[in-house]
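Work through the following exercises with the sequence and the 3D structure open beside you. Try each task on your own before you read its solution.

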Amino acid sequence: MKKILLINPATKKDRVEIPGQYKGSDIFRYPKLGTLAIAGVTPAGYQIEITDETIDIINFDAGYDIVGVSAVTALANRAYQIAAEFKKRGAHTVIGGCHATFLPEEAKSHFDTVICGLGETLWNDFLSDHNKNPEISKKIYSYNQAGAPKDLLHGAPFAARFAEGRPGYAAGHVFSIMRGCSKACDFCSINAFFNRRVYKRPIAEACGELKNLRHPIINLVDDNIYSDPAYAKLFFAAVKNYGKHWLFQASTDIVRDRHLMKLLEEAGAKGVFVGFESISSLNLAGSNKNHNTVDKYKRVIDVFHEFGIVVEAGMMFGFDDDGPEVFEKTYDFFYKLNLDLMQIAAVTPMPGTPLYDRMKSEGRIISDNWDDYDCKKVVFRPRKMSVEALVKGTEWLRGEFYSYKSILKRGIANFGSLGFIGTLGYYLRGNLGFKKNHSLGLDYPP
Ligand code: SF4
């Protein structure tokens, strides 16, 4: 029987070096759904293992026939190192994920096979070719993303769940009902990856998979459930009685839809990640993030709180309208609004995005080392501050926002809306998790 190893690489800082000694808070450490989905579509007759470098050390000498690696840009160099090691040992190496999709020729110079786009739709084509003759499978697999059928996810096998629940992982399941996003933010890899198309699973199929999942926490990894409000309503109405706690991602405009908000509350929604990105209207307009209105941020946070949902804001710094004062202004702004959690990143022009092309054409990219694309280091020349000021400013903001004083003030203010479960289970754990990872200097994201 052929042995397949699927690998999720990690940055040097996040990688486990001593068995069992994981880096940072475990509440953010979920298995990657893409890898579970690949394992799920793999036909019988293969022995499959999954190695995640945030909790495992790769065994290069276990005699794998095929090694598949999924990587975002910050992990591309690590993926190439892994491929080199396995190639020395005679394994057939395959890469998928965002970075390889956008730069397939670069990826092909390190891996035997490159899979572009949604990997689970092409993995079995690769395996079938590989079975016939490994040489013919040494190529780039892709589909025409602009012309991909709308029913791409219909009938998809369920994700393999054997890697969930392992020591080191957060409690709960990763889950997906749709892929892609209807918006077109110019820095976003999702938008570039899916060509602004949204693929949905039939609700009965998603519910069928959900019924088998025992843990109450479901981390819905889809990028924006408000990409299709009608579909989201049908889904959350269908799962109302499943007894789950949902963590999900949505665009700010979701709060306009009180019917959907009510359905989310009834289904057990507990936490949302929302891309606020910036408190400058100029930055938002410049990023094509036109669905965000700074004047309405208070209302967005208040409506989520009204429905008992903890709000994690995605914020980026170093946009063209950001000067050195942006960090303190942003802190004051969200401190007053009692924002629950903030993911603080440097603007990072990822290859494949319109932002990258713009920065490149303006000659502002200052690093081609993919290791630097971790959203903490700065890889471009900002307009209104120095690179050093941007790095220092984001560090300062992480320290201030996750100071005990700030955590306590915001927690007390939000307790009435979030209650015991929301405050202790999600607000407090989230804040302490970010605080711990910040104090260790870990990479989050990715
Ligand atoms: S709304 Fe979010 S997921 Fe959608 S394109 Fe913008 S940043 Fe990407």
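**Exercise 1: a helix and its cover**

The buried residues of helix H11 are covered by elements that include S12, S13 and H15. Keep in mind throughout that this is a predicted model.

Task: Find which residues of H11 are buried, and work out why they line one face of the helix.

Solution. Begin with the list itself: in H11 the buried residues are Tyr297, Val300, Ile301, Phe304 and His305. Next, look down the axis of H11, where these buried residues fall within an arc of 130°, so they line one face of the helix. Finally, follow the chain to the residue Gly308, which comes just after H11 and takes a positive phi of about 75°.

**Exercise 2: the sheet that holds S12 and S13**

Task: Determine in what order the six strands of this open sheet stand, and explain why one side of S7 and of S14 is left without a neighbour in the sheet.

Solution. The order of the strands is S7-S10-S11-S12-S13-S14, and their pairing is parallel. At the edges stand S7 (173-175) and S14 (341-346), and because each has a single partner strand, one side of each is left without a neighbour in the sheet. On average, neighbouring strands of this sheet are turned by 20° against each other, if direction is ignored.

Now take one pair from this order: S12 (residues 269-277) and S13 (residues 310-317) are joined in the parallel sense over six bridges, and Val274 stands opposite Ala313 in S13. As a last step, look for helix H15 (residues 404-440), which lies across S12, S13 and S14 and runs at about 25° to S13.

**Exercise 3: the sheet that holds S3**

Task: Describe how S3 is placed among its partner strands, and find where its side chains point.

Solution. Start with the whole sheet, an open one in which six strands follow the order S2-S1-S3-S4-S5-S6 with parallel pairing. Its edge strands are S2 (46-52) and S6 (140-141), each of which pairs on one side only. Helix H5 (residues 119-132) packs on this sheet and touches S3 (66-70), S4, S5 and S6, while its direction makes about 155° with that of S5.

Then consider the two partners of S3 in turn. With S1 (residues 2-8), S3 pairs in the parallel sense over four bridges, and Ile7 has Val69 in S3 as its bridge partner. With S4, S3 pairs in the parallel sense over five bridges, and here Val67 stands opposite Thr93 in S4. One step further along, S4 (residues 92-96) and S5 (residues 113-115) pair in the parallel sense over two bridges, with Thr113 in S5 as the bridge partner of Val94.

The last step concerns the cover of S3, of whose five residues five are buried. Ile66, Gly68 and Ser70 point one way from the strand, whereas Val67 and Val69 point the other way, and all are buried.

**Exercise 4: a second helix with a buried face**

Task: Find which residues of H8 are buried, and work out why they line one face of the helix.

Solution. In H8 (residues 229-238), the residues Ala232, Phe235 and Phe236 are buried. Seen down the axis of H8, the buried residues fall within an arc of 90°, so they line one face of the helix. Among the elements that cover them are helix H7 (203-211) and helix H9 (258-267).

**Exercise 5: two residues with a positive phi**

Most residues other than glycine have a negative phi.

Task: For Glu277 and Asn288, decide in turn whether the residue is buried or partly exposed.

Solution. Take Glu277 first, which has a positive phi of about 70° although it is not a glycine, and which lies in strand S12. A residue counts as buried if 20 or more other C-beta atoms lie within 10 Å of its own. Glu277 has 23 other C-beta atoms within 10 Å, and therefore it is buried.

Turn now to Asn288, whose phi is near 60°, again a positive value in a residue other than glycine. Asn288 is found in the loop between helix H10 (281-286) and helix H11 (297-306). With 16 other C-beta atoms within 10 Å, Asn288 is partly exposed.

Definitions and conventions
Residues are numbered from 1 along each chain as its sequence is written. This is a predicted model: local features need pLDDT of at least 70, side-chain atom pairs count only at pLDDT 80 or more; totals for chains, interfaces and linings use all residues. Two strands pair if DSSP finds at least two bridges between them. Axes are lines fitted to C-alpha atoms, for helices over the stretch in contact, and angles run from 0 to 180 degrees between N-to-C directions. Two residues are in contact if their C-beta atoms, placed from the backbone, lie within 7 Å. A residue is buried if 20 or more other C-beta atoms lie within 10 Å of its own, exposed if 12 or fewer, and partly exposed in between; C-beta atoms are placed from the backbone. The arc is that of the directions from the helix axis to the C-beta atoms.
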